[in-house]
Amino acid sequence: MINDTFYDIAIIGGGISSCVFSSFHLKNGYKGRIAIIENGRNLGGRSSTRNSISNLGWQLNHGSPNFNICNSNNNVMLKTFIKELLDSKIIQSDPSDLIKLYEDPNDQNKLICDFHSCQNYISSSSMSDLSKNIINHYNLKNQVDFYFQTLIVKLKYENNCWILTSKNGYKFKTKFLVCSSNLILHKRSLDIMNTNQIPLRQAIPINSDKKIDTILHLLKNQEYVQRLTFLIYTKSNYCYKDDYKKRFRYFLLNNLLEEKFKFERIIFQKQINNKIGIVIHTRNKKFITEYFQSNNKNKFKNILLDNFNQIFDKNYYINKLIDYQDISIMIWRSSQPSGLGIPENLQVCDKYKIAFCGDWFDLEGFGRIEGAILSALKLSYKISSLD
Ligand SMILES: Cc1cc2nc3c(=O)[nH]c(=O)nc-3n(C[C@H](O)[C@H](O)[C@H](O)COP(=O)(O)OP(=O)(O)OC[C@H]3O[C@@H](n4cnc5c(N)ncnc54)[C@H](O)[C@@H]3O)c2cc1C
């Protein structure tokens, strides 16, 4: 089926970079129609929230729980954008406690986490709402159409127009294409989409454009950190030992503890009904492989509880977890790009009316929300100056 609307811009992906790009573009006076096409059920991508159907009322941020901005290059666009989000109360400074856990107390200076340095912010509501609120702030004339549960698997460029085909056979036409995720440019798309050629390569044959060739070549060497997040829905009688009132409480494990217990971060997320959700992140390759290969997923829930209770044994703030209402698991096959970032001069390819944004560019904040936002602001600026 072909969508009748001929979009001026179609964006593949509805993560934070896509939302920032659209919002900033509209703010700067863009008059065209925009489509945001997202595989998931809502906005936010890796910075989103699990609204569990089996655990109604719970909202757990299962990807990034908050974000940090360093902006050591003093990028004025970024600075102004963050100030606007603060002024409009879409975000606020993160007042949460961050507690670093060490096995050896003499080790204390060594725990540095890229995700918690500099200035930290939280969404005033959930992380999925952050992306939604960013768009709504400037989508005042309803120029943006949203398509969810729509995975784009095929691209075609003909007669100066892009035709995108989704897995369920839906087609979109657009004058300009923005890819906010590099999935359709990366070798991991071959498995995920069960195809034998990377979709962008299929659309633009080799030697047609130097920028496209370079980006595809460089992406061959971009690796990804896998993560699992365990979401624990505690029982209503579970509480802190102290009277901590803030929404979040973060615990970071140093390398030795992470190696021993396989956990990277433990994030306590207080719910509106005062129950406490616990989200545990792991990136331990061996643990993740064992999880995938195991036929007994309950075994991991037991390990989880044992490790949790050992970590917080004798802790001043955290009670043992004897029982729980439910545990669900989120698998992030590619939670964060690592190694090589893509040079930002490859963001726009005017010849083929295609552009890119996301945390995979070699900008301050590579692999983080800061990088995703910065790439989106820069992209809007670059595209505006083409017109
Ligand atoms: C567990 C975890 C913890 C994290 N912690 C932090 C943290 O503490 N601080 C921090 O700054 N960052 C953190 N990050 C990283 C942060 O979440 C990302 O940097 C940021 O969300 C990237 O945003 P993005 O818009 O570039 O990409 P994404 O959020 O990945 O958005 C891209 C979207 O495109 C969609 N998509 C891809 N291909 C297609 C297709 N073909 N068709 C349709 N849709 C498609 C995807 O479904 C996705 O929603 C964390 C990530 C994870 C997973």
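**Strand pairing, domains and core of the predicted model**

Within strand β11, the residue that forms a bridge with Tyr-157 is Trp-162. The structure is a predicted model, in which local features are described only where pLDDT is at least 70 and side-chain atom pairs only at pLDDT 80 or more, whereas totals for chains, interfaces and linings use all residues. Residues are numbered from 1 along each chain as its sequence is written.

The bridge between Tyr-157 and Trp-162 belongs to the pairing of β10 (residues 152–158) with β11 (residues 161–166), which is antiparallel and runs over 6 bridges. Strands here are DSSP runs of E with at least two residues, helices are runs of H or I with at least four, and both are numbered from the N terminus; two strands count as paired if DSSP finds at least two bridges between them. In general, the strands of a sheet pair through backbone hydrogen bonds, either parallel or antiparallel. The hairpin of β10 and β11 has 2 residues between its strands, and Asn-159 in the turn has a positive phi of about 50 degrees. On β11 a further antiparallel pairing, over 4 bridges, is made with β12 (residues 171–179), where Lys-173 stands opposite Ile-163. This second hairpin has 4 residues between the strands, and Gly-169 takes a positive phi near 85 degrees.

An open sheet of 6 strands follows the order β7-β14-β15-β16-β13-β17, with mixed pairing. Its edges are formed by β7 (97–101) and β17 (326–339), each of which has a single partner strand, so one side of each is left without a neighbour in the sheet. From one strand to the next the twist averages 20 degrees, where axes are lines fitted to C-alpha atoms (for helices, over the stretch in contact) and angles run from 0 to 180 degrees between N-to-C directions. Inside this order, β15 (residues 265–270) and β16 (residues 276–282) pair in the antiparallel sense over 6 bridges, and Gln-269 has Gly-277 in β16 as its bridge partner.

An open sheet of 3 strands, with antiparallel pairing, has the order β5-β8-β6. Here β5 and β6 (91–93) are the edge strands, and because each has a single partner strand, one side of each is left without a neighbour in the sheet. The pairing of β6 with β8 is antiparallel over 3 bridges, and Gln-92 stands opposite Ile-122 in β8.

According to an automatic or database domain assignment, the chain is divided into domain 1 (2–85 + 127–222 + 339–384) and domain 2 (93–123 + 225–334). Their C-alpha centres lie 29 Å apart. The contact between them, for which the C-beta atoms of two residues, placed from the backbone, must lie within 7 Å, takes 23 residues from domain 1 and 27 residues from domain 2. On the side of domain 1, two or more residues are given by each of β4 (59–61), β5 (67–69) and α3 (127–138).

The largest nonpolar core, a set of buried Ala, Val, Leu, Ile, Met, Phe, Trp, Tyr and Cys residues joined through C-beta atoms within 7 Å, has 88 residues. A residue is buried if 20 or more other C-beta atoms lie within 10 Å of its own, exposed if 12 or fewer, and partly exposed in between. Ala-10, Ile-11, Val-20, Ile-373 and Ala-376 have the most contacts inside the core, and helix α10 (residues 369–384) provides its largest share, 8 residues.
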